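Please study the sequence and the structure shown below. Then work through the exercises in order.

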Amino acid sequence: MTQTSLVAPQRSESSGPRTLDVERIRRDFPILGRTVRDERPLVYLDSAATSQKPVQVLEAEAEYYRSCNAAVHRGAHQLAEEATDAYEDARRAIAGFVGASADDVVFTKNATESLNLAAYAFSNATAKAAHAPDTVDPRFVLRPGDSIVITQMEHHANLVPWQEVCAKTGAVLRWIGVDDDGRLELDELDTLIDSTTRVVSVVHQSNILGTINPVEAIMRRAHEVGAIGIVDGCQSIPHMPIDVTSLGADLVAWSGHKMLGPTGIGMLWGRHEVLDAMPPFLTGGSMIETVFMDHSTYAEAPKRFEAGTPMVAQAVGTAAAARYLEALGMDAVEAHEHRLTGYALERLDDMRGVRIIGPRDNMHRGSAISFVVEGLHPHDVGQFLDDRGVAVRVGHHCAWPTCRRFGVPATTRLSTYIYNDTADIDVAIEGIRAAQEFFGV
Amino acid sequence: MNVESMYQEIILDHYKNPRGRGAISDPAGESHQVNPTCGDEVTVQVTTDDSGHLHVGYEGQGCSISQASASVMAEMVEGLDPTEADAIRAAFLDLMHSKGAAEPDEDVLGDGIAFAGVAKYPARIKCALLPWMALQDAEAKAGITVTDEGADRR
(Lines give C-alpha, C1' and ligand atoms only; values in the text may rest on other atoms or scores of the structure.)
Protein backbone atom coordinates (compact mmCIF):
# COMPACT_ATOMS: atom_id res chain seq x y z
CA MET A 1 0.00 0.00 0.00
CA THR A 2 1.50 3.35 -0.92
CA GLN A 3 1.54 6.08 1.69
CA THR A 4 0.90 8.92 -0.66
CA SER A 5 -2.66 8.41 -1.70
CA LEU A 6 -4.61 7.35 1.34
CA VAL A 7 -5.75 10.82 2.25
CA ALA A 8 -8.02 12.59 -0.17
CA PRO A 9 -6.69 15.83 -1.59
CA GLN A 10 -7.69 18.66 0.69
CA ARG A 11 -9.66 21.49 -0.75
CA SER A 12 -7.77 24.71 -1.19
CA GLU A 13 -8.36 27.09 1.68
CA SER A 14 -7.78 30.28 -0.29
CA SER A 15 -10.51 32.88 -0.32
CA GLY A 16 -13.13 32.99 -3.06
CA PRO A 17 -14.80 29.98 -4.62
CA ARG A 18 -12.82 26.86 -3.80
CA THR A 19 -11.66 24.87 -6.76
CA LEU A 20 -10.74 21.25 -7.24
CA ASP A 21 -7.21 20.27 -8.17
CA VAL A 22 -8.27 17.95 -10.98
CA GLU A 23 -4.76 16.85 -11.85
CA ARG A 24 -4.13 15.81 -8.25
CA ILE A 25 -7.53 14.10 -8.02
CA ARG A 26 -6.93 12.14 -11.21
CA ARG A 27 -3.86 10.51 -9.66
CA ASP A 28 -6.18 8.82 -7.16
CA PHE A 29 -8.10 7.07 -9.96
CA PRO A 30 -5.93 4.32 -11.47
CA ILE A 31 -8.42 3.56 -14.24
CA LEU A 32 -8.08 7.07 -15.65
CA GLY A 33 -4.48 6.26 -16.51
CA ARG A 34 -5.35 3.45 -18.92
CA THR A 35 -5.83 3.62 -22.63
CA VAL A 36 -8.65 2.27 -24.78
CA ARG A 37 -9.16 1.56 -28.49
CA ASP A 38 -5.69 1.71 -30.04
CA GLU A 39 -3.89 3.42 -27.17
CA ARG A 40 -6.22 6.39 -26.84
CA PRO A 41 -6.22 7.98 -23.37
CA LEU A 42 -9.52 7.28 -21.64
CA VAL A 43 -11.85 10.27 -21.46
CA TYR A 44 -14.53 9.17 -19.03
CA LEU A 45 -17.75 11.15 -19.46
CA ASP A 46 -20.20 8.56 -18.14
CA SER A 47 -20.24 9.23 -14.41
CA ALA A 48 -24.02 9.58 -14.36
CA ALA A 49 -24.09 5.85 -15.19
CA THR A 50 -21.39 4.97 -12.69
CA SER A 51 -18.48 6.91 -11.25
CA GLN A 52 -14.90 5.70 -11.19
CA LYS A 53 -13.37 4.74 -7.85
CA PRO A 54 -10.38 6.34 -6.15
CA VAL A 55 -7.65 4.19 -4.66
CA GLN A 56 -8.88 5.23 -1.20
CA VAL A 57 -12.14 3.36 -1.85
CA LEU A 58 -10.42 0.35 -3.41
CA GLU A 59 -8.01 0.15 -0.49
CA ALA A 60 -10.72 0.52 2.15
CA GLU A 61 -12.63 -2.38 0.66
CA ALA A 62 -9.50 -4.53 0.26
CA GLU A 63 -8.33 -3.66 3.77
CA TYR A 64 -11.64 -4.76 5.23
CA TYR A 65 -11.26 -8.17 3.56
CA ARG A 66 -7.58 -8.37 4.47
CA SER A 67 -7.90 -7.52 8.12
CA CYS A 68 -11.33 -8.10 9.64
CA ASN A 69 -13.71 -9.91 7.30
CA ALA A 70 -16.39 -11.79 9.26
CA ALA A 71 -20.15 -12.10 9.49
CA VAL A 72 -21.56 -9.01 11.17
CA HIS A 73 -24.01 -8.81 14.08
CA ARG A 74 -23.37 -12.40 15.14
CA GLY A 75 -20.54 -14.54 16.42
CA ALA A 76 -18.59 -14.13 19.63
CA HIS A 77 -15.15 -13.72 18.14
CA GLN A 78 -12.97 -10.68 17.70
CA LEU A 79 -13.22 -10.57 13.92
CA ALA A 80 -17.02 -10.52 14.15
CA GLU A 81 -16.77 -7.55 16.50
CA GLU A 82 -14.40 -5.70 14.21
CA ALA A 83 -16.48 -6.43 11.13
CA THR A 84 -19.62 -5.24 12.92
CA ASP A 85 -17.82 -2.05 13.96
CA ALA A 86 -16.62 -1.51 10.39
CA TYR A 87 -20.16 -1.94 9.07
CA GLU A 88 -21.80 0.34 11.62
CA ASP A 89 -18.99 2.92 11.41
CA ALA A 90 -19.60 2.96 7.67
CA ARG A 91 -23.30 3.56 8.27
CA ARG A 92 -22.46 6.51 10.53
CA ALA A 93 -20.06 7.99 7.98
CA ILE A 94 -22.50 7.64 5.08
CA ALA A 95 -25.38 9.01 7.17
CA GLY A 96 -23.19 11.92 8.27
CA PHE A 97 -22.37 12.68 4.63
CA VAL A 98 -26.06 13.42 4.00
CA GLY A 99 -26.74 15.05 7.37
CA ALA A 100 -28.65 12.07 8.74
CA SER A 101 -28.59 9.90 11.82
CA ALA A 102 -27.15 6.41 11.34
CA ASP A 103 -30.35 4.79 12.64
CA ASP A 104 -32.24 6.24 9.70
CA VAL A 105 -30.10 4.80 6.88
CA VAL A 106 -30.91 1.37 5.43
CA PHE A 107 -28.41 -0.47 3.23
CA THR A 108 -29.79 -2.17 0.13
CA LYS A 109 -28.33 -3.76 -3.00
CA ASN A 110 -28.71 -0.57 -5.06
CA ALA A 111 -30.97 2.46 -5.39
CA THR A 112 -33.42 0.44 -7.47
CA GLU A 113 -33.85 -1.88 -4.51
CA SER A 114 -34.21 1.14 -2.20
CA LEU A 115 -37.10 2.42 -4.31
CA ASN A 116 -38.62 -1.06 -4.52
CA LEU A 117 -38.36 -1.32 -0.74
CA ALA A 118 -40.46 1.84 -0.54
CA ALA A 119 -42.93 0.66 -3.19
CA TYR A 120 -43.33 -2.77 -1.60
CA ALA A 121 -44.17 -1.13 1.73
CA PHE A 122 -47.41 -0.06 0.06
CA SER A 123 -48.28 -3.27 -1.78
CA ASN A 124 -47.31 -5.44 1.20
CA ALA A 125 -49.29 -3.30 3.65
CA THR A 126 -52.27 -3.34 1.29
CA ALA A 127 -52.13 -7.14 1.01
CA LYS A 128 -51.90 -7.57 4.81
CA ALA A 129 -54.70 -5.09 5.42
CA ALA A 130 -57.13 -7.37 3.57
CA HIS A 131 -57.10 -9.92 6.39
CA ALA A 132 -55.21 -8.32 9.30
CA PRO A 133 -55.91 -4.59 9.17
CA ASP A 134 -54.67 -4.02 12.74
CA THR A 135 -51.13 -5.10 11.82
CA VAL A 136 -50.43 -2.32 9.31
CA ASP A 137 -50.13 1.46 9.34
CA PRO A 138 -53.06 2.84 7.30
CA ARG A 139 -50.77 5.34 5.55
CA PHE A 140 -49.38 2.46 3.49
CA VAL A 141 -52.70 0.85 2.60
CA LEU A 142 -53.88 1.77 -0.91
CA ARG A 143 -57.35 1.46 -2.38
CA PRO A 144 -58.78 1.80 -5.87
CA GLY A 145 -59.13 5.51 -6.55
CA ASP A 146 -56.03 6.44 -4.56
CA SER A 147 -53.34 8.11 -6.62
CA ILE A 148 -49.55 7.90 -6.82
CA VAL A 149 -47.79 10.92 -8.32
CA ILE A 150 -44.41 10.78 -10.07
CA THR A 151 -42.92 12.85 -12.91
CA GLN A 152 -42.44 12.36 -16.63
CA MET A 153 -38.66 12.40 -16.13
CA GLU A 154 -38.30 9.42 -13.78
CA HIS A 155 -35.70 6.74 -14.24
CA HIS A 156 -37.47 3.42 -14.83
CA ALA A 157 -36.48 2.55 -11.23
CA ASN A 158 -38.90 5.18 -9.94
CA LEU A 159 -41.59 4.40 -12.50
CA VAL A 160 -41.97 0.66 -13.03
CA PRO A 161 -42.24 -0.19 -9.28
CA TRP A 162 -45.15 2.25 -8.97
CA GLN A 163 -46.85 0.78 -12.04
CA GLU A 164 -46.65 -2.55 -10.25
CA VAL A 165 -48.04 -1.08 -7.02
CA CYS A 166 -50.96 0.35 -9.01
CA ALA A 167 -51.59 -3.02 -10.69
CA LYS A 168 -51.68 -4.74 -7.30
CA THR A 169 -53.79 -2.20 -5.42
CA GLY A 170 -56.01 -0.44 -7.94
CA ALA A 171 -54.32 2.89 -7.27
CA VAL A 172 -53.88 5.22 -10.24
CA LEU A 173 -50.54 6.54 -11.49
CA ARG A 174 -50.30 10.25 -12.29
CA TRP A 175 -47.30 12.25 -13.39
CA ILE A 176 -46.12 15.83 -13.46
CA GLY A 177 -45.38 16.70 -17.09
CA VAL A 178 -42.13 18.04 -18.52
CA ASP A 179 -41.98 21.20 -20.65
CA ASP A 180 -39.89 21.75 -23.78
CA ASP A 181 -36.98 23.08 -21.71
CA GLY A 182 -36.92 19.92 -19.61
CA ARG A 183 -38.49 21.53 -16.53
CA LEU A 184 -41.41 20.15 -14.55
CA GLU A 185 -44.80 21.71 -15.29
CA LEU A 186 -45.36 22.70 -11.70
CA ASP A 187 -48.44 24.83 -12.31
CA GLU A 188 -50.29 21.48 -12.31
CA LEU A 189 -48.88 20.54 -8.92
CA ASP A 190 -51.86 21.40 -6.75
CA THR A 191 -54.34 19.64 -9.03
CA LEU A 192 -52.21 16.54 -9.67
CA ILE A 193 -51.46 16.09 -5.99
CA ASP A 194 -54.89 16.12 -4.40
CA SER A 195 -56.83 14.47 -1.59
CA THR A 196 -56.60 11.08 -3.35
CA THR A 197 -52.80 11.18 -3.41
CA ARG A 198 -51.06 8.76 -1.07
CA VAL A 199 -47.54 8.69 -2.51
CA VAL A 200 -45.45 11.34 -4.24
CA SER A 201 -42.14 10.01 -5.56
CA VAL A 202 -39.94 12.31 -7.61
CA VAL A 203 -36.41 12.47 -8.92
CA HIS A 204 -34.18 15.21 -7.49
CA GLN A 205 -31.91 15.47 -10.51
CA SER A 206 -32.94 13.84 -13.77
CA ASN A 207 -30.41 11.31 -15.04
CA ILE A 208 -31.35 12.04 -18.65
CA LEU A 209 -32.20 15.76 -18.70
CA GLY A 210 -29.95 16.96 -15.90
CA THR A 211 -32.79 19.05 -14.49
CA ILE A 212 -32.67 19.70 -10.74
CA ASN A 213 -36.23 19.70 -9.47
CA PRO A 214 -37.57 21.80 -6.57
CA VAL A 215 -38.29 18.72 -4.48
CA GLU A 216 -38.83 20.77 -1.31
CA ALA A 217 -41.93 22.42 -2.83
CA ILE A 218 -43.21 19.11 -4.17
CA MET A 219 -42.69 17.37 -0.81
CA ARG A 220 -44.47 20.27 0.94
CA ARG A 221 -47.49 19.75 -1.32
CA ALA A 222 -47.34 15.97 -0.71
CA HIS A 223 -47.51 16.52 3.02
CA GLU A 224 -50.37 19.01 2.69
CA VAL A 225 -52.52 16.15 1.41
CA GLY A 226 -51.06 13.58 3.82
CA ALA A 227 -49.10 11.63 1.22
CA ILE A 228 -45.76 9.90 1.82
CA GLY A 229 -43.03 11.84 0.00
CA ILE A 230 -40.11 10.04 -1.65
CA VAL A 231 -37.07 11.49 -3.42
CA ASP A 232 -34.74 9.67 -5.81
CA GLY A 233 -31.39 11.28 -4.98
CA CYS A 234 -29.13 9.09 -7.15
CA GLN A 235 -27.92 11.90 -9.37
CA SER A 236 -27.96 14.73 -6.84
CA ILE A 237 -26.32 13.34 -3.69
CA PRO A 238 -22.97 12.55 -5.42
CA HIS A 239 -22.78 16.02 -6.95
CA MET A 240 -23.91 18.66 -4.45
CA PRO A 241 -24.09 19.23 -0.70
CA ILE A 242 -27.34 17.66 0.48
CA ASP A 243 -28.89 17.34 3.89
CA VAL A 244 -31.55 14.69 3.32
CA THR A 245 -33.45 15.81 6.41
CA SER A 246 -34.03 19.25 4.88
CA LEU A 247 -35.62 18.10 1.61
CA GLY A 248 -38.97 17.62 3.32
CA ALA A 249 -39.11 14.01 2.18
CA ASP A 250 -40.07 10.92 4.17
CA LEU A 251 -37.72 8.65 2.21
CA VAL A 252 -34.65 9.33 0.04
CA ALA A 253 -32.94 6.71 -2.13
CA TRP A 254 -29.45 6.79 -3.63
CA SER A 255 -26.59 4.49 -4.55
CA GLY A 256 -22.93 4.04 -3.63
CA HIS A 257 -21.50 3.47 -7.08
CA LYS A 258 -22.40 6.88 -8.45
CA MET A 259 -20.59 8.64 -5.55
CA LEU A 260 -17.17 6.98 -6.00
CA GLY A 261 -18.22 3.91 -4.00
CA PRO A 262 -18.42 0.27 -5.08
CA THR A 263 -21.30 -1.37 -6.89
CA GLY A 264 -23.64 -3.60 -4.92
CA ILE A 265 -24.84 -1.09 -2.35
CA GLY A 266 -27.69 1.39 -2.20
CA MET A 267 -29.08 3.51 0.59
CA LEU A 268 -32.54 4.44 1.76
CA TRP A 269 -32.81 7.22 4.28
CA GLY A 270 -36.13 7.54 6.05
CA ARG A 271 -37.68 9.61 8.79
CA HIS A 272 -37.41 7.13 11.63
CA GLU A 273 -41.09 7.22 12.41
CA VAL A 274 -41.89 6.38 8.78
CA LEU A 275 -39.34 3.56 8.56
CA ASP A 276 -40.76 2.15 11.79
CA ALA A 277 -44.25 2.12 10.33
CA MET A 278 -43.23 0.31 7.13
CA PRO A 279 -43.69 -3.44 6.85
CA PRO A 280 -40.56 -5.46 6.01
CA PHE A 281 -39.53 -5.99 2.39
CA LEU A 282 -37.07 -8.89 2.13
CA THR A 283 -37.38 -11.26 5.05
CA GLY A 284 -35.16 -13.91 6.63
CA GLY A 285 -32.12 -13.79 8.86
CA SER A 286 -30.77 -10.64 10.51
CA MET A 287 -34.03 -8.69 10.22
CA ILE A 288 -35.90 -10.54 12.97
CA GLU A 289 -36.46 -9.97 16.66
CA THR A 290 -37.97 -13.37 17.57
CA VAL A 291 -38.92 -16.34 15.40
CA PHE A 292 -41.41 -19.12 16.16
CA MET A 293 -42.69 -21.81 13.85
CA ASP A 294 -45.94 -19.94 13.23
CA HIS A 295 -44.90 -16.29 13.34
CA SER A 296 -42.04 -13.85 13.82
CA THR A 297 -41.46 -10.37 15.12
CA TYR A 298 -39.07 -7.98 13.48
CA ALA A 299 -36.10 -5.85 14.45
CA GLU A 300 -36.34 -2.08 14.41
CA ALA A 301 -35.28 -0.09 11.38
CA PRO A 302 -32.78 -0.03 9.80
CA LYS A 303 -32.09 -3.71 10.59
CA ARG A 304 -35.66 -4.71 9.77
CA PHE A 305 -34.89 -3.95 6.12
CA GLU A 306 -31.54 -5.72 5.97
CA ALA A 307 -32.30 -9.41 5.60
CA GLY A 308 -29.42 -11.82 5.12
CA THR A 309 -25.69 -11.21 5.16
CA PRO A 310 -25.24 -7.55 4.35
CA MET A 311 -22.81 -5.91 1.93
CA VAL A 312 -20.19 -5.01 4.51
CA ALA A 313 -17.24 -4.39 2.22
CA GLN A 314 -19.37 -2.20 -0.03
CA ALA A 315 -20.53 -0.19 2.97
CA VAL A 316 -16.92 0.28 4.06
CA GLY A 317 -16.00 1.33 0.51
CA THR A 318 -18.89 3.77 0.27
CA ALA A 319 -17.94 5.30 3.62
CA ALA A 320 -14.43 5.86 2.24
CA ALA A 321 -16.02 7.50 -0.79
CA ALA A 322 -18.08 9.78 1.46
CA ARG A 323 -14.95 10.76 3.38
CA TYR A 324 -13.11 11.43 0.12
CA LEU A 325 -15.89 13.73 -1.09
CA GLU A 326 -16.10 15.46 2.29
CA ALA A 327 -12.37 16.14 2.18
CA LEU A 328 -12.80 17.79 -1.21
CA GLY A 329 -15.83 19.68 0.05
CA MET A 330 -19.21 19.09 -1.59
CA ASP A 331 -19.60 22.82 -2.22
CA ALA A 332 -16.34 22.72 -4.18
CA VAL A 333 -17.55 19.61 -6.06
CA GLU A 334 -20.76 21.43 -6.95
CA ALA A 335 -18.92 24.56 -8.07
CA HIS A 336 -16.50 22.53 -10.20
CA GLU A 337 -19.32 20.69 -11.92
CA HIS A 338 -21.33 23.86 -12.41
CA ARG A 339 -18.38 25.38 -14.24
CA LEU A 340 -17.87 22.26 -16.41
CA THR A 341 -21.59 22.03 -17.17
CA GLY A 342 -21.67 25.67 -18.25
CA TYR A 343 -18.70 25.07 -20.53
CA ALA A 344 -20.18 21.91 -22.06
CA LEU A 345 -23.60 23.53 -22.60
CA GLU A 346 -21.99 26.49 -24.34
CA ARG A 347 -19.85 24.35 -26.63
CA LEU A 348 -22.72 22.05 -27.54
CA ASP A 349 -25.07 24.96 -28.10
CA ASP A 350 -22.56 26.48 -30.52
CA MET A 351 -22.50 23.36 -32.66
CA ARG A 352 -24.44 23.13 -35.87
CA GLY A 353 -27.03 20.35 -35.84
CA VAL A 354 -26.81 19.65 -32.10
CA ARG A 355 -29.94 19.89 -29.95
CA ILE A 356 -29.68 19.70 -26.19
CA ILE A 357 -32.46 17.62 -24.62
CA GLY A 358 -32.97 19.24 -21.24
CA PRO A 359 -32.32 22.70 -19.80
CA ARG A 360 -29.91 24.76 -21.92
CA ASP A 361 -29.34 27.31 -19.21
CA ASN A 362 -26.96 26.38 -16.43
CA MET A 363 -29.45 27.07 -13.62
CA HIS A 364 -30.90 24.31 -11.48
CA ARG A 365 -29.32 21.67 -13.61
CA GLY A 366 -26.62 19.11 -13.04
CA SER A 367 -23.78 17.80 -15.13
CA ALA A 368 -25.64 15.10 -17.08
CA ILE A 369 -26.20 16.60 -20.54
CA SER A 370 -28.24 14.78 -23.17
CA PHE A 371 -28.24 15.81 -26.79
CA VAL A 372 -29.13 14.62 -30.26
CA VAL A 373 -27.22 15.27 -33.46
CA GLU A 374 -29.37 15.96 -36.48
CA GLY A 375 -29.20 13.09 -38.98
CA LEU A 376 -27.17 10.87 -36.66
CA HIS A 377 -28.36 8.16 -34.33
CA PRO A 378 -26.85 8.34 -30.81
CA HIS A 379 -25.35 4.88 -31.29
CA ASP A 380 -23.31 6.15 -34.18
CA VAL A 381 -22.27 9.26 -32.24
CA GLY A 382 -21.24 7.06 -29.32
CA GLN A 383 -19.23 4.80 -31.63
CA PHE A 384 -17.24 7.76 -32.96
CA LEU A 385 -16.62 9.08 -29.47
CA ASP A 386 -15.53 5.61 -28.32
CA ASP A 387 -13.07 5.51 -31.19
CA ARG A 388 -11.47 8.63 -29.67
CA GLY A 389 -11.40 7.08 -26.21
CA VAL A 390 -14.44 9.02 -25.05
CA ALA A 391 -16.89 7.02 -22.92
CA VAL A 392 -20.43 8.40 -23.05
CA ARG A 393 -23.83 6.81 -22.61
CA VAL A 394 -26.15 6.37 -25.56
CA GLY A 395 -29.70 5.11 -25.53
CA HIS A 396 -32.80 5.97 -23.55
CA HIS A 397 -30.98 6.07 -20.20
CA CYS A 398 -33.69 4.00 -18.50
CA ALA A 399 -36.01 6.94 -19.08
CA TRP A 400 -37.81 5.78 -22.21
CA PRO A 401 -40.99 7.83 -21.61
CA THR A 402 -38.84 10.96 -21.25
CA CYS A 403 -37.28 10.26 -24.67
CA ARG A 404 -40.77 9.86 -26.14
CA ARG A 405 -41.78 13.17 -24.57
CA PHE A 406 -39.04 14.83 -26.63
CA GLY A 407 -39.79 12.81 -29.75
CA VAL A 408 -36.38 11.14 -29.86
CA PRO A 409 -35.67 7.39 -29.81
CA ALA A 410 -32.52 7.91 -27.77
CA THR A 411 -29.92 10.52 -26.85
CA THR A 412 -26.20 10.76 -26.34
CA ARG A 413 -25.38 11.81 -22.79
CA LEU A 414 -22.13 13.15 -21.44
CA SER A 415 -21.75 13.50 -17.72
CA THR A 416 -18.83 14.80 -15.69
CA TYR A 417 -17.50 14.46 -12.19
CA ILE A 418 -14.62 15.60 -10.00
CA TYR A 419 -11.93 14.08 -12.26
CA ASN A 420 -13.05 15.78 -15.49
CA ASP A 421 -11.93 19.07 -16.91
CA THR A 422 -12.77 21.20 -19.93
CA ALA A 423 -10.19 19.35 -22.04
CA ASP A 424 -12.39 16.22 -21.74
CA ILE A 425 -15.34 18.17 -23.13
CA ASP A 426 -13.16 19.41 -25.99
CA VAL A 427 -12.26 15.84 -27.04
CA ALA A 428 -15.95 14.93 -27.03
CA ILE A 429 -16.88 17.96 -29.13
CA GLU A 430 -14.19 17.04 -31.67
CA GLY A 431 -15.57 13.49 -31.81
CA ILE A 432 -19.09 14.74 -32.51
CA ARG A 433 -17.71 16.95 -35.31
CA ALA A 434 -15.84 14.00 -36.79
CA ALA A 435 -19.02 11.92 -36.80
CA GLN A 436 -20.92 14.72 -38.51
CA GLU A 437 -18.24 15.00 -41.18
CA PHE A 438 -18.01 11.25 -41.73
CA PHE A 439 -21.75 10.83 -42.18
CA GLY A 440 -22.02 14.06 -44.16
CA VAL A 441 -24.67 15.62 -41.96
CA MET B 1 -9.18 -1.34 -36.44
CA ASN B 2 -10.68 2.13 -36.30
CA VAL B 3 -14.28 3.13 -36.43
CA GLU B 4 -14.20 4.33 -40.03
CA SER B 5 -13.40 0.80 -41.17
CA MET B 6 -16.39 -0.57 -39.28
CA TYR B 7 -18.64 1.77 -41.20
CA GLN B 8 -18.00 0.29 -44.64
CA GLU B 9 -19.16 2.24 -47.69
CA ILE B 10 -21.74 -0.49 -48.26
CA ILE B 11 -23.24 0.09 -44.81
CA LEU B 12 -23.38 3.85 -45.26
CA ASP B 13 -24.92 3.43 -48.69
CA HIS B 14 -27.67 1.16 -47.39
CA TYR B 15 -28.24 3.53 -44.45
CA LYS B 16 -28.61 6.58 -46.68
CA ASN B 17 -30.39 4.82 -49.57
CA PRO B 18 -32.39 2.01 -47.99
CA ARG B 19 -33.65 -0.76 -50.30
CA GLY B 20 -37.00 -2.45 -49.93
CA ARG B 21 -38.16 -0.13 -47.18
CA GLY B 22 -41.88 0.17 -46.68
CA ALA B 23 -44.88 -2.01 -45.98
CA ILE B 24 -46.03 -4.83 -48.27
CA SER B 25 -49.63 -5.53 -49.12
CA ASP B 26 -51.37 -8.36 -47.27
CA PRO B 27 -48.48 -9.50 -45.07
CA ALA B 28 -48.90 -13.04 -43.79
CA GLY B 29 -46.71 -12.31 -40.80
CA GLU B 30 -45.26 -9.28 -39.08
CA SER B 31 -42.77 -8.84 -36.25
CA HIS B 32 -41.81 -5.72 -34.33
CA GLN B 33 -38.46 -6.03 -32.58
CA VAL B 34 -36.86 -3.46 -30.29
CA ASN B 35 -33.46 -3.26 -28.76
CA PRO B 36 -34.44 -2.27 -25.22
CA THR B 37 -31.02 -0.92 -24.36
CA CYS B 38 -30.96 1.72 -27.07
CA GLY B 39 -34.46 1.99 -28.50
CA ASP B 40 -33.68 0.76 -32.03
CA GLU B 41 -36.86 -0.52 -33.62
CA VAL B 42 -37.66 -2.50 -36.75
CA THR B 43 -40.86 -4.02 -38.04
CA VAL B 44 -40.56 -6.70 -40.71
CA GLN B 45 -43.47 -7.98 -42.79
CA VAL B 46 -43.36 -11.14 -44.87
CA THR B 47 -45.54 -13.09 -47.21
CA THR B 48 -45.03 -15.73 -49.86
CA ASP B 49 -46.32 -15.77 -53.42
CA ASP B 50 -48.00 -18.65 -55.25
CA SER B 51 -44.65 -20.24 -56.00
CA GLY B 52 -43.64 -20.02 -52.35
CA HIS B 53 -41.10 -17.22 -52.71
CA LEU B 54 -40.59 -14.64 -49.96
CA HIS B 55 -41.65 -11.01 -50.18
CA VAL B 56 -40.38 -8.73 -47.46
CA GLY B 57 -41.02 -5.19 -46.33
CA TYR B 58 -39.86 -3.26 -43.30
CA GLU B 59 -40.02 -0.01 -41.37
CA GLY B 60 -37.74 1.08 -38.60
CA GLN B 61 -35.82 3.72 -36.80
CA GLY B 62 -32.45 3.44 -35.23
CA CYS B 63 -28.74 3.58 -35.78
CA SER B 64 -26.97 3.18 -39.09
CA ILE B 65 -26.06 -0.44 -38.34
CA SER B 66 -29.60 -1.62 -37.56
CA GLN B 67 -31.18 0.24 -40.46
CA ALA B 68 -28.50 -0.70 -43.00
CA SER B 69 -28.78 -4.31 -41.88
CA ALA B 70 -32.53 -4.20 -42.53
CA SER B 71 -31.91 -2.81 -46.00
CA VAL B 72 -29.29 -5.46 -46.85
CA MET B 73 -31.59 -8.17 -45.52
CA ALA B 74 -34.61 -6.99 -47.49
CA GLU B 75 -32.58 -6.78 -50.69
CA MET B 76 -31.00 -10.19 -50.24
CA VAL B 77 -33.97 -12.32 -49.26
CA GLU B 78 -36.59 -10.71 -51.51
CA GLY B 79 -37.92 -13.32 -53.94
CA LEU B 80 -35.93 -16.19 -52.44
CA ASP B 81 -37.16 -19.57 -51.40
CA PRO B 82 -37.56 -19.42 -47.56
CA THR B 83 -34.96 -22.16 -47.11
CA GLU B 84 -32.40 -20.23 -49.13
CA ALA B 85 -33.21 -17.10 -47.14
CA ASP B 86 -32.76 -19.00 -43.91
CA ALA B 87 -29.31 -20.15 -44.99
CA ILE B 88 -28.31 -16.51 -45.45
CA ARG B 89 -29.77 -15.62 -42.07
CA ALA B 90 -27.81 -18.45 -40.44
CA ALA B 91 -24.59 -17.36 -42.17
CA PHE B 92 -25.16 -13.77 -41.03
CA LEU B 93 -25.72 -14.96 -37.46
CA ASP B 94 -22.47 -16.94 -37.60
CA LEU B 95 -20.64 -13.89 -38.87
CA MET B 96 -22.00 -11.70 -36.08
CA HIS B 97 -21.01 -14.21 -33.43
CA SER B 98 -17.52 -14.68 -34.85
CA LYS B 99 -15.95 -11.84 -32.80
CA GLY B 100 -14.48 -10.61 -36.05
CA ALA B 101 -12.53 -13.82 -36.72
CA ALA B 102 -14.69 -15.22 -39.55
CA GLU B 103 -13.91 -14.86 -43.24
CA PRO B 104 -17.33 -14.03 -44.62
CA ASP B 105 -18.41 -15.71 -47.85
CA GLU B 106 -19.56 -13.03 -50.27
CA ASP B 107 -21.30 -15.65 -52.41
CA VAL B 108 -23.64 -16.40 -49.51
CA LEU B 109 -23.83 -13.06 -47.73
CA GLY B 110 -23.55 -10.50 -50.52
CA ASP B 111 -23.52 -6.99 -49.04
CA GLY B 112 -23.84 -8.67 -45.64
CA ILE B 113 -20.07 -9.17 -45.60
CA ALA B 114 -19.71 -5.46 -44.90
CA PHE B 115 -20.89 -6.15 -41.35
CA ALA B 116 -17.84 -8.29 -40.51
CA GLY B 117 -16.26 -5.38 -38.61
CA VAL B 118 -19.40 -4.85 -36.55
CA ALA B 119 -18.83 -8.26 -34.94
CA LYS B 120 -15.85 -6.77 -33.09
CA TYR B 121 -18.13 -4.39 -31.18
CA PRO B 122 -20.38 -6.41 -28.86
CA ALA B 123 -22.70 -3.44 -28.26
CA ARG B 124 -23.44 -3.21 -31.99
CA ILE B 125 -24.05 -6.90 -32.77
CA LYS B 126 -27.60 -6.64 -31.47
CA CYS B 127 -28.19 -3.70 -33.82
CA ALA B 128 -27.10 -5.72 -36.84
CA LEU B 129 -29.13 -8.77 -35.84
CA LEU B 130 -32.36 -6.92 -35.02
CA PRO B 131 -33.96 -7.07 -38.51
CA TRP B 132 -32.90 -10.70 -39.00
CA MET B 133 -34.56 -11.60 -35.68
CA ALA B 134 -37.68 -9.82 -36.87
CA LEU B 135 -37.57 -11.72 -40.18
CA GLN B 136 -37.36 -15.07 -38.41
CA ASP B 137 -40.20 -14.16 -36.07
CA ALA B 138 -42.37 -12.80 -38.89
CA GLU B 139 -41.85 -15.99 -40.88
CA ALA B 140 -42.82 -18.08 -37.87
CA LYS B 141 -45.99 -16.04 -37.43
CA ALA B 142 -46.79 -16.43 -41.11
CA GLY B 143 -46.36 -20.20 -40.82
CA ILE B 144 -43.51 -20.13 -43.32
CA THR B 145 -41.34 -23.17 -42.77
CA VAL B 146 -37.88 -24.03 -43.93
CA THR B 147 -36.60 -27.45 -44.86
CA ASP B 148 -33.95 -29.26 -42.80
CA GLU B 149 -31.21 -28.05 -45.11
CA GLY B 150 -31.70 -24.51 -43.84
CA ALA B 151 -32.36 -25.54 -40.27
CA ASP B 152 -29.08 -27.49 -40.14
CA ARG B 153 -27.12 -24.31 -40.63
CA ARG B 154 -28.55 -22.64 -37.55
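**Exercises with solutions**

**Exercise 1.** State how many residues each chain gives to the contact.
Chain B contributes 11 residues and chain A contributes 15 residues, where two residues are in contact if their C-beta atoms, placed from the backbone, lie within 7 Å. This is a predicted model: local features need pLDDT of at least 70, side-chain atom pairs count only at pLDDT 80 or more, and totals for chains, interfaces and linings use all residues. Residues are numbered from 1 along each chain as its sequence is written, while chains are lettered from A and ligands numbered from 1 in the order in which they are written.

**Exercise 2.** Describe how α4(A) and α5(A) pack.
Step 1. Helix α4 (residues 111-129) and helix α5 (residues 160-169) of chain A, both DSSP runs (H or I, at least four residues), have axes 9 Å apart at an angle of about 5 degrees.
Step 2. Angles under 35 degrees count as roughly parallel, so α4(A) is roughly parallel to α5(A).
Step 3. Among the contact residues are L115(A) and F122(A) of α4(A), and W162(A) and V165(A) of α5(A).

**Exercise 3.** Determine the strand order of the sheet in chain B.
Step 1. The open sheet has 3 strands (E, at least two residues) in the order β1-β2-β3, with antiparallel pairing; two strands pair if DSSP finds at least two bridges between them.
Step 2. The edge strands of chain B are β1 (29-35) and β3 (54-61), each of which pairs on one side only.
Step 3. β1(B) and β2(B) (residues 40-48) pair over 7 bridges, and Q33(B) stands opposite V42(B).

Definitions and conventions. Axes are lines fitted to C-alpha atoms, for helices over the stretch in contact, and angles run from 0 to 180 degrees between N-to-C directions. Angles under 35 degrees count as roughly parallel, over 145 as roughly antiparallel, 65 to 115 as roughly perpendicular and the rest as oblique.
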